[in-house]
2 protein chains.
Amino acid sequence: MHELDSFFYPRSIAVIGGSERPGTIGRALMENLLKGKYRGKVYPVNIKGGTVFGLKVYKSIKEIDDEIDLAIFAIPAKAIPHVMEECGSKGVRAALIISAGFSETGEEGRRLEAKVVEIARKHGIRIIGPNCLGIYNAENGLDTIFNPSDRQDKPKMGSIAFLSQSGALGAAILDWAAVEDIGMSKFISYGNAADVDESDLIEYLGQDEKTKVIALYIEGAKSGRKFLEVCNKVSKLKPIIALKAGKTERGVMAVSSHTGSLAGSYQIYSAVFKQTGVIKAESLRELFAKAKALALQKPAKGRSIAIVTNGGGAGVLATDASESMGLKLATLSKDTVEKLRRNLPPMASTRNPVDILGDAPASRYEYAMETVLEDSRVHGLIVIMLFQSPALDAEEMVKVFKKIAKESEKPIIGCAPGGRHAGKYARKIEVAAGVPVYKTPLEAVYAIHALVERGELTEK
Amino acid sequence: MHELDSFFYPRSIAVIGGSERPGTIGRALMENLLKGKYRGKVYPVNIKGGTVFGLKVYKSIKEIDDEIDLAIFAIPAKAIPHVMEECGSKGVRAALIISAGFSETGEEGRRLEAKVVEIARKHGIRIIGPNCLGIYNAENGLDTIFNPSDRQDKPKMGSIAFLSQSGALGAAILDWAAVEDIGMSKFISYGNAADVDESDLIEYLGQDEKTKVIALYIEGAKSGRKFLEVCNKVSKLKPIIALKAGKTERGVMAVSSHTGSLAGSYQIYSAVFKQTGVIKAESLRELFAKAKALALQKPAKGRSIAIVTNGGGAGVLATDASESMGLKLATLSKDTVEKLRRNLPPMASTRNPVDILGDAPASRYEYAMETVLEDSRVHGLIVIMLFQSPALDAEEMVKVFKKIAKESEKPIIGCAPGGRHAGKYARKIEVAAGVPVYKTPLEAVYAIHALVERGELTEK
């Protein structure tokens, strides 16, 4: 058992500040823990006593006649040192401090934070936070993201872990992932990182069996050296992808107002990412696109990709994006071109991008995809489908993907620009065949680019 | 009346190849024209005779006892010269040729296309197409986009006109615009541009009262000089925004396989765009983001923008994107900073980006937005809202935007990352206040960048 497991798999939780009073974080936490999937024990602790949602309220954690794995703090900052001492006596192993009012507020807060950390260390308690949204564990329903449920959705279980230095942005990402049907294993907003920092969490997620990809929004690492060492180690086990904010001069200034991090030079971070095998994203959509691809598809064994499309224009856009990002459009072998020519209509383009024309049925996709994937010059495939076409039966395409993705040793990425119908079948293909399908050629190319980068790290 | 009005506002249409046979384009066209909003007369013409959806079928257009404004062709290419002659005798003014099998197929097709154009010119008939999806006019329901309605949605009426050299991609964009609730005035897939080309259409849309913004997917202009002249003229009247495909060497090759256009050097196109005031987009999302901003908001009178946010992380991302694109984060005046400091919580950042903190209610947004917009150093405002926050009443924010956007002479752009709730209120703000609200900081910055570029063209 890992030391940090108490944060993610507690058998019992004390909610310090647990309450029924509307509008309080203490209430939101109690609701999340009692109404959701979480099945461990939950003990509200509040000096006011009484009951909360029918549960007895303990005036002190010491009164609870049970072992407590995790204490979640939602009380004013100044009251925390005292309660932390009590947690120590009680034998608590993990403290998640949601409360703000610490180092992010200035010198006095910094001293208070140091004091809390000191007490916790004395007792062997690890801290996540303070000043954070905390944890969402899709596996067991542990959820401290206290935004109202009519404003904040949470994603389904999946294999992407998400670490966010920004709580608010992290919450928006959770909400977004839910609506995009992107599965997450664990989400952590770690706030000031007074004790457990991003490197500890990356290390933890590195050994977490439920996590296949670690995605990261970061403004500045707590310790550069530790970050470098951990990334170097963990990226050999599973992909890490990072969006580093504070890229420009004004961005760096904004970071210092926000989390007080030393943003560090973006060039230095870029170099660290490259050196340690961390895949870089420069926007939220790029982060999402790449994380999903790394979660669902295999790495590519080279930089040469092929494109199969029923629309020439989308094929050109994907070609431009690929070449702009330093990927190569594979020059198909003579054999492949001949095989394509034999069975595709005369107007089809057998050069890469392979344009199988607007009247292509699913069977033509199947033939083109299989033929192109057999070519040893091709390391990965983007399949663009304009599902608006009367000729293209989307259900049949789901079957084609199921069959081909299962057999293929090369990564396959889909792209289905459009609206409701296209979106519906994009999802179906993802679920049935494990092929991520993107709305735009650019995102599909981000996706395959991440798999190429991953391949360069692992396949050598 | 403009010569091309017959294509967009015909009082009567002959559907050459109109049919009831399932799976035919002739049937899809008849369905679109009869079942939709279009109220003009529709005459099916088919050598097979009989009836189509209860309408008498004419064996020749010459038999129709009515004037015909527009003839839509969905018959084999080879049959078109003969029917075009008949259209000439009948006094038809506009011919929309959906049919493929012309210059895109090689030398024989080129000759056929030239012959059809020759006949049409002899009779004073203008042609759109061949080898295209044709026209969607949201105003009167004229719709020749023949994809099945369960696979292809069409957008509501709006003020963006969209021109696409690629039919399939254009259809996907229509479908996408529908689901994103982006309104369009007119859509034209113009195919081979045998007669009416992109420049003619830009000129037409330039004088079209329903169109405020012209958006363009282009692989290569039919005539570079004409394109330059028309863009130069029309961009003074309304914004033109273009996504030029064929940017890289392989992209240029792909273009030549696709539409046979000489893609021309991307550098030359970029220079032409700059010289003629055409705003450039490099991806579909950028095109959408910019077109929507140009349709809804006013140009900015300078490059200095301000950001107001309830989430520091999203503010940093917007700052990075702004500076990366060459915008400036305004240095707020001493007065503005003092005014902000007076009424914002002590922890708020009164530097730009103005971080009004996670507990900001709508009233705090109102104060910060008004204060920042009053600063003469600020030329445009991005408002980031993390609507997941328990403190932020989204209905109140709609009111704030309605009030402020009405009074402001500076452009305002919204950004609301997240899922269902955030998306719902993004739409509400767009509809109620005319402020476009984007899902990501990057798209919000694309949007304001387009307004800055537009301002540099018009405000000097």
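**View 1. The two chains of the predicted model and the axis that relates them.** A turn of 180 degrees, with a shift of 0.0 Å along the axis, lays chain A on chain B with an RMSD of 0.0 Å. The two copies are therefore related as by a two-fold rotation axis. Both copies use the same surface, since 100% of the contact residues of chain A recur in chain B. Among the residues of chain A, the one that comes closest to the rotation axis is A:Arg285, whose C-alpha lies at 5.3 Å.

**View 2. The open sheet of seven strands in chain A.** The strands of this sheet follow the order 9-8-11-10-12-13-14, and their pairing is mixed. At the edges stand strand 9 (142-143) and strand 14 (279-281) of chain A, each of which has a single partner strand, so that one side of each is left without a neighbour in the sheet. The pairing of strand 14 with strand 13 (residues 240-244) of chain A is parallel and runs over three bridges, and here A:Ala242 stands opposite A:Lys280 of strand 14.

**View 3. Helix 6 (residues 198-207) of chain A on the sheet.** Helix 6 of chain A packs on the sheet by touching strand 10 (157-164), strand 11 (184-189), strand 12 (213-218) and strand 13 of chain A, and its direction makes about 170 degrees with that of strand 12 of chain A.

**View 4. The buried residues of helix 7 (residues 224-234) of chain B.** The buried residues of this helix are B:Phe227, B:Val230, B:Cys231 and B:Val234. Seen down the axis of helix 7 of chain B, they fall within an arc of 100 degrees, and so they line one face of the helix. These buried residues pack against helix 6 (198-207), strand 13 (240-244) and helix 9 (266-276) of chain B.

Note on methods
Residues numbered from 1 in each chain as written. Chains lettered and ligands numbered in written order. Predicted model: local features only at pLDDT ≥ 70, side-chain atom pairs only at ≥ 80, totals over all residues. Least-squares fit on C-alpha atoms with pLDDT ≥ 70 in both. Contact = placed C-beta atoms within 7 Å. Pairing = 2+ DSSP bridges. Helix = DSSP H or I, 4+ residues; strand = E, 2+ residues; numbered from the N terminus. Axes fitted to C-alpha atoms, helices over the stretch in contact; angles between N-to-C directions. Buried ≥ 20, exposed ≤ 12 C-beta atoms within 10 Å, placed from the backbone. Arc of directions from axis to C-beta.
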